[in-house]
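Okay, everyone, thanks for coming. Let me put the model up and then talk you through the rings and the helix packing.

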Amino acid sequence: MKVAIIASNGGMFDAYKVFNIATAAAATDAKVAIFFTFEGLNLIHKQVHQQLPMPVGKEHFAEGFKAANVPPIPELVQMASEMGVTMIACQMTMDVMKLNKEEFIEGIDVGGAVTFLDFAKDADVTLTF
């Protein structure tokens, strides 16, 4: 099975959605690729993904995540990487935002929409967050 995910939003809840689905799929031996574009790049940025914003009015969820033993985002990102999830940072967005590959976590690919579409063209599941 192939799972293609587009991450275009960069908040805490967005990260949990993206990495929860990605790691769950990878755990079933699915091939998984995530295309990070626009604010979605926050999810793999070395500094930013350490302190993603919680949606306004939802701050109480932080305690719930802790109580439920939900791993923090940096740990989920590492898990996804170790499970073989392909992470593609959008070259166009990086150019527009004047970002370079060194600002992101180790092990990512940088590519354009065509790179992702090549993976996604025969995906069994395609999701956007």
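One bit of vocabulary before the rings: I call two rings of Phe, Tyr or Trp a pair if their centres lie within 6.5 Å, and for Trp that's the six-membered ring. Keep in mind that this is a predicted model.

So, how many aromatic pairs does a search of the whole structure find? Six. Let's zoom in on one of them, F13 with F65: the centres are 6.3 Å apart and the planes sit at 85°, which makes this pair edge-to-face, because anything over 60 degrees counts that way. In sequence terms, this pair ties together distant parts of the chain: F13 belongs to helix 1, residues 12–27, while F65 is in helix 2, residues 61–67, and 52 residues separate the two.

Are those two rings buried or exposed? F65 comes out at 18% relative accessibility, so that one counts as buried. F13, at 22%, is partly exposed, because the cut-off for buried is under 20%. Zooming out a little, ring pairs join F13 and F65 with Y16 and F61 into a cluster.

Now, helix packing. Helix 1 also packs against helix 3, residues 73–82, with axes 10 Å apart and an angle of about 30°. That makes the two helices roughly parallel, since the limit for that label is 35 degrees. On the helix 1 side, the contact uses M12, A15, Y16, F19 and T23; helix 3 brings I73, L76, V77, M79 and A80. And the crossing is left-handed.

Last item, a charge over a ring: the charged end of K2 sits over F119, 4.3 Å from the ring centre.

Terms used. Residues numbered from 1 in each chain as written. Predicted model: local features only at pLDDT ≥ 70, side-chain atom pairs only at ≥ 80, totals over all residues. Heavy atoms only, no water. Phe/Tyr/Trp six-rings, centres within 6.5 Å; stacked < 30°, edge-to-face > 60°. Helix = DSSP H or I, 4+ residues; strand = E, 2+ residues; numbered from the N terminus. Buried < 20%, exposed > 50% of the residue type's maximum accessible area, 1.4 Å probe, protein only. Lys NZ or Arg CZ within 6 Å of the ring centre and 35° of its normal. Axes fitted to C-alpha atoms, helices over the stretch in contact; angles between N-to-C directions. Parallel < 35°, antiparallel > 145°, perpendicular 65-115°, else oblique. Left-handed = near helix turned anticlockwise from the far one by under 90°. Contact = heavy atoms within 4.5 Å.
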